[in-house]
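Please walk me through this protein. Where should a newcomer look, and what is there to see?

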Amino acid sequence: MPVPCQQSPVLAGSVTLAALGALVLYLAKPSGYGKYSESLMPAATRLSARAAWFLQELPSFAVPAGILVRQPRSLFGQPATVLLGLFCAHYFHRTFVYSLLTRGRPFPVAFLVRGFVFCTGNGLLQAYYLIYCAEYPAEWYTDVRFSLGVFLFILGMGINIHSDYILRQLRKPGEVIYRIPQGGLFTYVSGANFLGEVIEWTGYALATWSLPALAFAFFSLCFLGLRAFHHHRFYLKMFEDYPKSRKALIPFIF
């Protein structure tokens, strides 16, 4: 028996995501992990970066994938399942590839718990809407919103993965020093990895044409944009020879 769509939780979850994004901008503080963890959370209990990223990102993959595999085979290949598959692909990489390769600082457990709760809720929201609420016409695959959205999603994911690779090469295993990232979109912005993810979720919102995806894209822009801003200030303060023409997130603009 199919699960009926409940619009109220979808709306509430979307509004919560957007409100969290606005709150992040309002507080304007850097998140307490990575280069900011020692100053913001000096006494916090920590896990290794690899274990923390794996545990934090896991529900964003496991929850949607669990819902997806329970669907009848007749639904596979339809736009909603394909779009949810893109979401799962991103978080498969974040969970099982990025987390095993990262060379970041130990991660505060308190921030891990908050991230785990967020990823669980967002994964459930995106999957629930696409599987039980979204209705796409048969010609959605030829709609410009789907085509352009998927293109932006793949482009953004590629930028994100390539930028993460550049950042990893700045450190040898065990190092926690900082160097100026060079190459790729780092030529133009300090947060090239964040820009890639913002492009990715903007494309996802366009391809799904849904309120939950739009709310998540807005949250991502707020959270990652602020993080790029603080990264940019950090680099300018730490390196006297930091490129003055480089922006924080958007080439030539911001």
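Start with one arginine. Arg94 has a relative accessibility of 7%, so this residue counts as buried. The cut-off for that word is under 20%. Keep in mind that you are looking at a predicted model.

What does Arg94 meet in a salt bridge? One partner is Asp164, with N and O 3.5 Å apart. Arg94 sits in helix α4, while Asp164 sits in helix α6, which covers residues 144-168. The two are 70 residues apart, so this pair links distant parts of the chain. Asp164 is buried too, because its relative accessible area is 7%.

Arg94 also forms a salt bridge with Glu57. Here the closest N and O atoms are 3.4 Å apart. Glu57 belongs to helix α3 (residues 49-69) and Arg94 to helix α4 (residues 79-101), so the bridge ties together parts that lie 37 residues apart in sequence. Glu57 and Arg94 are both buried. Put the pairs together and you get a network of salt bridges that links Glu57, Arg94 and Asp164.

How many salt bridges are there by this rule? The count comes to three. Besides the two pairs above, there is a bridge between the side chains of Asp143 and Arg145, 2.9 Å from N to O. Are these two residues buried or partly exposed? Asp143 has a relative accessible area of 19%, so Asp143 is buried. Arg145 comes to 25%, so Arg145 counts as partly exposed. The limit between the two classes is 20%.

Asp143 has another part to play. This residue caps the N-terminal end of α6. One of its side-chain oxygens lies 2.8 Å from the backbone nitrogen of Arg145.

Now follow α6 itself. The helix has 25 residues, and at 1.5 Å a residue they should span 36 Å. The C-alpha atoms at its ends are 36 Å apart, so the expected and modelled spans agree. Which residues of α6 are buried? Among them are Phe146, Gly149, Val150, Phe153, Gly156, Met157, Asn160, Ser163 and Asp164. Look at the spacing of the numbers. An α-helix has 3.6 residues a turn, so residues three or four places apart point the same way. What covers the buried residues of α6? The cover includes α4 and α7.

Helix α7 is next. It runs over residues 192-208. From its first C-alpha to its last, α7 reaches 24 Å, close to the 24 Å expected for its 17 residues. The helix is mostly covered, with 14 of the 17 residues buried. Just after α7 comes Trp209, with a positive phi of about 50°.

Go back to helix α3 for another residue. Ser60 is found there. Is Ser60 buried or exposed? Its relative accessibility is 0%, so Ser60 counts as buried. Leaving out residues up to four places away in sequence, Ser60 touches Phe87, Tyr91 and Cys119. The side chain of Ser60 also reaches the backbone oxygen of Cys119, at 3.4 Å.

Leu20 offers another view. This residue lies in helix α1, which spans residues 7-27. Its relative accessibility is 34%, so Leu20 counts as partly exposed. Setting aside neighbours within four places in sequence, Leu20 is in contact with Phe118 and Phe219. Its C-alpha is separated by 25 Å from that of Ser99, which is 79 residues away along the chain.

Finally, step back to the whole protein. There are eight helices and two strands. From the N terminus on, the order is α-α-β-α-α-β-α-α-α-α. The radius of gyration is 19 Å, close to the 18 Å that the globule rule gives for 254 residues, so the protein is as compact as a globular protein of that length. Along the principal axes, the C-alpha trace spans about 60 × 40 × 35 Å.

How much of the protein counts as buried? The share is 48% of the 254 residues. The exposed surface is about 12800 Å², and carbon and sulfur atoms supply 68% of that area. Contacts also reach far along the chain. Of those with a separation of 6 or more, 83% join residues 24 or more positions apart.

How values were computed. Residues are numbered from 1 along each chain as its sequence is written. This is a predicted model: local features need pLDDT of at least 70, side-chain atom pairs count only at pLDDT 80 or more; totals for chains, interfaces and linings use all residues. Side-chain values use heavy atoms; hydrogens and water are left out. A salt bridge is a side-chain nitrogen of Lys or Arg within 4 Å of a carboxyl oxygen of Asp or Glu. Helices (H or I, at least four residues) and strands (E, at least two) are DSSP runs, numbered from the N terminus. Buried means under 20% relative accessible area, exposed over 50%, partly exposed in between (1.4 Å probe, protein chains only). The expected span of a helix is 1.5 Å times one less than its number of residues. Contact means heavy atoms within 4.5 Å. A polar contact is a pair of N or O atoms within 3.5 Å; within protein, one must be able to donate a hydrogen and the other to accept it, and residues adjacent in sequence count only if both atoms are side-chain atoms. The radius of gyration is taken over C-alpha atoms; the globule rule is 2.2 Å times the number of residues to the power 0.38. Accessible areas come from the Shrake-Rupley method with a 1.4 Å probe; for residues, only the protein chains shown count as cover.
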